[in-house]
Amino acid sequence: MLALRIDLLTGRYVATAYNDRNEGEWPIHPARVFSALVAALHDADSPDPLEREALLWLERLPAPDIAASNCGMRTAARVFVPVNDVGSMPDFSDDARACEEAKAELAAAKSGAADGRAIRSLQATAKKLEDRLLEDYRAARTFNAGEKIDVARALAVLPERRGRQPRTFPCVVPDDPVCHFVWRDAAPPAAVRGGLERLARRVTRIGHSSSLVALRWVNDPPRPTWTPSDNTRGARVLRVVSEGQLERLEEEFGRHRETSPRTLPCGLVPYRSASNAGREAACGNLGEDWLVFGRIQGPAFPSHRGPELAKTLRDALMSAAADPIKVVLSGHEPSGRRTDRPHVACVPLPFVGHRYADGSILGIAVVLPRETSEDDRQYIEDAVVKLEDRAGAARGSQPPPVRLVMGAAGELTLQRVVGLPGLRTLDPDAWCRASRTWATATPIALDRHPGDLRSRSAAKAAEALRRAVESVESACTHIGLPAPTEVRIDGSSAVGGAEHAAKYGPYPARAGRFRRELVHAVIRFERPVAGPVVLGAGRFQGLGLCRPL
Amino acid sequence: MTAKLDELANLIEAGAVAVRRVRRFGPAGGAGDKVFPPTYVVDDPKAQTKYAIETRRIDGAAVDTVLLDSVQSQANRMEQALLAGWRAGELSFPVIVVDFSNEKGLEDIGQITTLDAPHRLADAILRDSTTAKGVPFRQSGEGLAFTRAKVARATAVFKLCPTALIFGVWDSTGATGGMGAKFARTLVSEIVGVNACAGVKTASRIDPLQISDVSKGNPLYEDAEEGWTFEKPSGKSAKPQALKPSDVNHGNIAPSVDAKAGGVTLDYALHTAVLSLAGLRKLAFPVDCSGRTLDGAQRAKAESAARTALAALALAGVVYQDAMGYDLRSRCLLVPEGVAQFEVVAADGRVHGLTMSREDAQKAVADAAAAAANCGMGWACEPGKPILTLKPTEKLCELIRISRAQAATSKE
């Protein structure tokens with residue numbers, strides 16, 4: 001067991017995502033930490049060979065497990081920093097160097113066996129170069145009327161006239177400012193351990209210079225929260241190192257010398273939330289493979305408008321998808337009958353679980369079944385891309401926004417989230433983290449009518465409650481989860497900001513359909529359950545969406 | 001060596017990681033009073049405010065925090081605090097100035113120090129100045145020494161501008177381009193507001209003279225002497241533009257509500273300052289301030305003394321900022337809640353307290369400088385006097401005069 005503990009001394013981590021200048025990076029990428037160790041090695045004029053050996057040993061290890069808490073991200077803001085490439089003074093370094101060299105040659109000749117003629121010649125050369133240099137200095141500092149110079153550039157040296165350039169410093173704030181990298185099966189030889197210890201002590205920052213850290217090798221890391229995975233679905237891609245990384249970095253440094261643009265040589269490895277990847281967590285038939293859209297414009301709909309929004313997005317996807325529409329998207333067999341197989345759910349994501357949460361819909365996720373084939377996934381992705389391209393906007397680093405018309409309520413503009421989501425609500429991890437206890441953020445539409453939950457007759461109400469509990473239990477097993485050990489039914493949610501079940505209109509809204517009873521619930525399982533947990537008859541439209549507690 | 005300095009030196013020797021101070025502040029107007037954070041250009045069109053907001057988990061609950069003073073801004077404030085201490089003669093350390101006070105017509109610019117210049121020792125204002133002998137700063141002995149400095153050979157920067165080693169400097173535009181001296185900051189300080197709740201700001205003006213818009217019947221015109229006039233200018237010049245009373249600052253201004261930069265209420269503000277001792281230990285000083293090569297135990301002693309002097313100066317920056325107060329900007333005055341205490345993060349992660357008053361800091365800087373001088377790492381400075389006074393070039397001065405004259409003419 002080998003574990004590296006990273007303490008973020010300022011409580012923040014300032015580092016730009018490798019694929020988006022406006023996004024922060026989290027968890028800390030292993031390759032970035034390796035680079036920091038290499039920088040520590042080369043800070044010394046003559047790097048210690050034992051420390052170098054230690055890094056050569058480290059780079060051969062597989063990608064580490066990572067223990068890191070959740071994080072919040074600071075809103076991406078542009079700051080304007082004063083430039084320094086202004087002024088009227090030219091660069092004299094070449095002339096000054098020539099002058100110095102001539103003087104050195106003269107001094108060498110004087111102290112050597114050179115004859116007087118040669119010395120006089122060297123003296124004349126040195127004097128000529130020195131006079132020229134002094135004349136250059138004079139010309140650079142004096143002003144001649146009518147002289148052609150860049151006035152604005154010269155004046156900008158005054159601090160109050162200095163131009164400013166926009167910069168971004170993406171910053172994440174982890175819940176716990178400590179992160180561990182864990183190599184479970186690694187056992188370094190004593191010399192290697194010593195080298196690694198010395199290097200770690202000299203690493204002062206990771207990412208931006210304001211991102212101060214303390215690194216230590218420890219023996220008691222916490223359980224990992226992120227582990228490397230072969231499955232790219234729903235994973236976060238992190239940069240890692242492999243054999244040859246130290247040499248690649250050294251070669252790369254020789255090329256860029258910190259002046260030219262550079263790219264960190266690295267491998268990319270998908271990481272999945274370890275709590276979910278572990279065998280101990282049970283999971284349902286919907287997966288962590290989400291395509292999340294965030295609201296960027298338009299009204300902030302309350303949660304109870306969720307099913308309507310889900311239907312609008314599903315219809316839009318159906319209209320963009322290639323014919324014939326696949327079962328995975330439509331949820332209907334070619335015969336028109338409802339499929340028994342899991343299919344895509346459009347799940348609106350309400351702002352809940354925060355002190356100021358108001359239940360408004362911040363985005364919507366297209367959630368794929370856990371066992372989606374590559375073909376089916378590609379089919380859904382193609383439909384999403386086609387929907388995005390319909391708006392006609394250019395595809396830059398971010399996907400083009402998608403507009404959804406919600407009848408008289410107005411138009412909603414959504415954009416697919418790429419990289420680290422700025423809002424916790426839009427992070428699948430917020431909904432998929434394994435937990436024994438779950439609470440509904442949107443009410444469950446019960447599959448069977450339980451009777452009158454609000455009956456004045458205590459016996460009738462108790463019977464209805466028992467049936468409602470049974471209905472929730474069977475909704476759990478129906479999606480592949482174990483039967484819960486406890487279910488508490490209520491009209492209001494245990495999650496802050498979630499809307500009361502009574503706020504929701506009749507479901508389904510269409511007249512003539514069997515109206516479902518909507519209830520909130522707190523559900524406990526015997527062992528951890530990984531999300532998403534979406535229960536009941538309205539689960540494909542985001543009803544019965546649960547949050548891990 | 002005083003106890004305080006002894007303590008600092010021991011921390012650096014023992015491999016302590018950092019010294020930090022986390023301090024709570026409240027709004028000067030009392031609990032619940034609104035403060036105004038800095039506004040930013042935010043690219044996100046759905047952003048609710050122009051402030052930099054982040055969510056932190058405090059005591060298990062997610063709360064919004066707002067950036068009240070950034071790392072860069074804090075560095076500038078601490079530099080100004082150190083400058084005030086230097087000017088008062090309380091803190092003695094090397095400062096270079098560019099002196100405009102003897103330049104005719106530019107006396108008001110005064111002296112620009114390495115604590116004022118945006119890029120510190122590497123700043124363009126120093127590059128555009130010369131020594132008393134007329135040699136451009138970068139071609140002078142001091143300038144060349146800075147150009148050649150590195151983390152592994154930091155003596156020149158320690159000798160000329162130690163604050164650049166504390167707050168960071170990058171000679172990105174010097175003779176060697178981006179390969180110039182590059183020193184990461186060792187002191188990081190930031191202030192955030194915890195549990196921030198955005199408010200709104202209103203703006204309006206009721207004109208006591210109740211001048212209404214008369215421009216339809218009686219338009220106003222610009223007048224060079226009176227500012228404005230009812231008389232339409234005659235002559236062949238361009239068509240005169242009719243003005244409203246509001247164009248000349250009369251009349252009511254309709255009320256408006258700014259919801260994106262309307263200030264915030266907070267539970268409290270949190271100031272976090274961290275000095276990386278590991279960062280200071282990275283700085284190597286293979287030669288002393290006279291250029292003599294240091295070896296073995298002599299070098300170890302000199303390096304330790306130099307790093308201790310830098311640590312004392314950095315902590316003085318934090319403590320002296322307290323004396324300056326935390327009037328961060330208009331309507332953002334913070335007052336401390338309770339006494340401030342530094343804490344030391346040891347190499348094994350353990351934490352213990354360290355107290356440092358302003359007097360302690362002042363004495364620590366003086367004693368550390370004296371101890372460093374004993375090892376050949378002395379700062380050749382006198383209290384309140386610059387180590388080097390540079391002269392702005394005649395060309396730069398003349399350009400500023402011409403620019404000012406042009407600005408004055410265009411106003412007329």
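Which residue in β20(B) does V19(B) stand opposite? The tour reaches the answer after a view of the whole chain; the model is predicted.

**Whole chain.** Select chain B and display its C-alpha atoms, which occupy a box of roughly 90 × 65 × 35 Å along the principal axes. A secondary-structure colouring will show ten helices and 22 strands. Of the 412 residues in chain B, 51% are classed as buried. The accessible surface amounts to about 18300 Å², and carbon and sulfur atoms account for 51% of this area. When contacts in chain B between residues at least 6 apart in sequence are considered, 74% link residues at least 24 apart.

**Strand β1.** Next, select residues 18-27 of chain B, which form strand β1. Eight of the ten residues in this strand are buried, and the strand is thus described as mostly covered. Three pairings of β1(B) can be visited in turn.

- Add residues 342-345 of chain B, strand β20: four bridges connect this strand to β1(B) in the antiparallel sense. Here the opening question is settled, for V19(B) stands opposite V344(B).
- Add residues 268-276 of chain B, strand β17: this strand runs antiparallel to β1(B) and is joined to it by eight bridges. To locate the pairing, select R21(B) and A273(B), which stand opposite each other.
- Add residues 333-336 of chain B, strand β19: three bridges join this strand to β1(B), again with antiparallel direction. At this pairing, P27(B) faces L334(B) across the strands.

**Helix α9.** Now move to residues 358-374 of chain B, the 17 residues of helix α9. From first C-alpha to last, α9(B) reaches 24 Å, close to the 24 Å expected at 1.5 Å a residue.

Which residues of α9(B) are buried? Select A361(B), A364(B), V365(B), A368(B), A369(B), A371(B) and A372(B) to display them. Why do these buried residues line one face of the helix? Turn the view to look down the axis of α9(B): the buried residues fall within an arc of 165 degrees, and therefore they line one face. An α-helix has 3.6 residues a turn, so residues three or four places apart point the same way.

Then rotate to the face of α9(B) turned away from the buried side, where the exposed residues E359(B) and N374(B) are found. Finally, select G376(B), which follows α9(B) and has a positive phi, near 85 degrees.

Notes:
Residues numbered from 1 in each chain as written. Chains lettered and ligands numbered in written order. Predicted model: local features only at pLDDT ≥ 70, side-chain atom pairs only at ≥ 80, totals over all residues. Heavy atoms only, no water. Buried < 20%, exposed > 50% of the residue type's maximum accessible area, 1.4 Å probe, protein only. Helix = DSSP H or I, 4+ residues; strand = E, 2+ residues; numbered from the N terminus. Pairing = 2+ DSSP bridges. Expected span 1.5 Å × (residues − 1). Arc of directions from axis to C-beta. Contact = heavy atoms within 4.5 Å. Areas by Shrake-Rupley, 256 points an atom, 1.4 Å probe, with all protein chains shown as cover.
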